[in-house]
Amino acid sequence: MSDEELLLCLKDSMTSESAFSVLVDRYSRPLYVIIRRIVLSHENADDVLQNTLIKIWKNIPQFRGASKLSTWMYSIATNEAITYLRQEQKNKKRSIATENSDLTQSLASDPYFDGDRAEAAFLSAIDKLPEKQKITFQMRYFEELSYREIAEITGTSIGALKANYHHALNKLQQYLKIDSIVD
């Protein structure tokens with residue numbers, strides 16, 4: 001079933017529940033990956049994924065098809081993850097140094113994280129980036145999305161995204177004290 005057919009079934013009250021089950025089966029993993037790269041913790045990513053799926057379910061009737069269904073859902077997932085991070089930041093109001101040491105500890109103790117020290121340092125450096133640069137870098141580097149796709153998801157201009165990505169690369173090079181990061 002194509003996404004267009006799935007969308008028609010989602011909007012039909014007779015088939016909406018079974019179609020949503022198909023949507024969850026098809027998109028839970030990709031949505032989880034985007035969310036996990038933003039919030040880092042498995043438990044938090046699961047919570048944000050649930051919120052994302054609820055928001056998708058509630059807003060399917062308002063989806064007009066101006067973008068692809070997947071792009072619309074990735075946008076919701078990204079916004080939910082950002083909202084989660086902002087709420088966490090507001091609740092904790094901890095220093096950057098404390099957050100970074102907490103990140104390193106959480107990566108080391110996370111049973112789902114199987115990377116080595118270099119990967120942990122890389123992920124820790126990404127976490128230090130300003131929010132917009134972090135999101136842009138993750139979508140471009142890890143998800144290999146085009147600037148056009150990222151622009152649709154984030155509602156940001158392509159020029160601003162390119163600048164964010166360039167600044168993110170420069171900061172990561174500084175944080176990691178390396179000569180270059182391949183685009």
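Two exercises on a predicted model follow, each with a worked solution.

Residues are numbered from 1 along each chain as its sequence is written. In this predicted model, local features need pLDDT of at least 70 and side-chain atom pairs pLDDT 80 or more, while totals for chains, interfaces and linings use all residues, and side-chain values use heavy atoms, without hydrogens and water.

**Exercise 1. Describe the fold and its burial.**

Step 1. Take the elements, which are DSSP runs numbered from the N terminus (helices: H or I, at least four residues; strands: E, at least two). The protein has nine helices and zero strands.

Step 2. Check burial (under 20% relative accessible area, 1.4 Å probe, protein chains only). Of 183 residues, 40% are buried.

Step 3. Take contacts (heavy atoms within 4.5 Å). Among those between residues at least 6 apart in sequence, 58% join residues at least 24 apart.

**Exercise 2. Find the largest cavity and assign its lining.**

Step 1. Search a 1 Å grid over the protein atoms alone for a set of points where a 1.4 Å probe fits but cannot get out. Points are joined across faces, edges and corners; volume is the space filled by probe spheres set on them. One cavity of 30 Å³ or more turns up. The largest cavity has a volume of about 40 Å³.

Step 2. List the lining residues (an atom within 4 Å of a point). They are Ile34, Arg37, Ile38, Gln138, Met139 and Glu143.

Step 3. Assign helices. H2 (16-39) and H7 (131-142) each supply at least two lining residues. H2 gives the most, with three.

Definitions and conventions
On a 1 Å grid over the protein atoms alone, a cavity is a set of points where a 1.4 Å probe fits but cannot get out, and a pocket is an open set with protein on both sides within 12 Å along at least five of seven lines; lining residues have an atom within 4 Å of a point. Buried means under 20% relative accessible area, exposed over 50%, partly exposed in between (1.4 Å probe, protein chains only).
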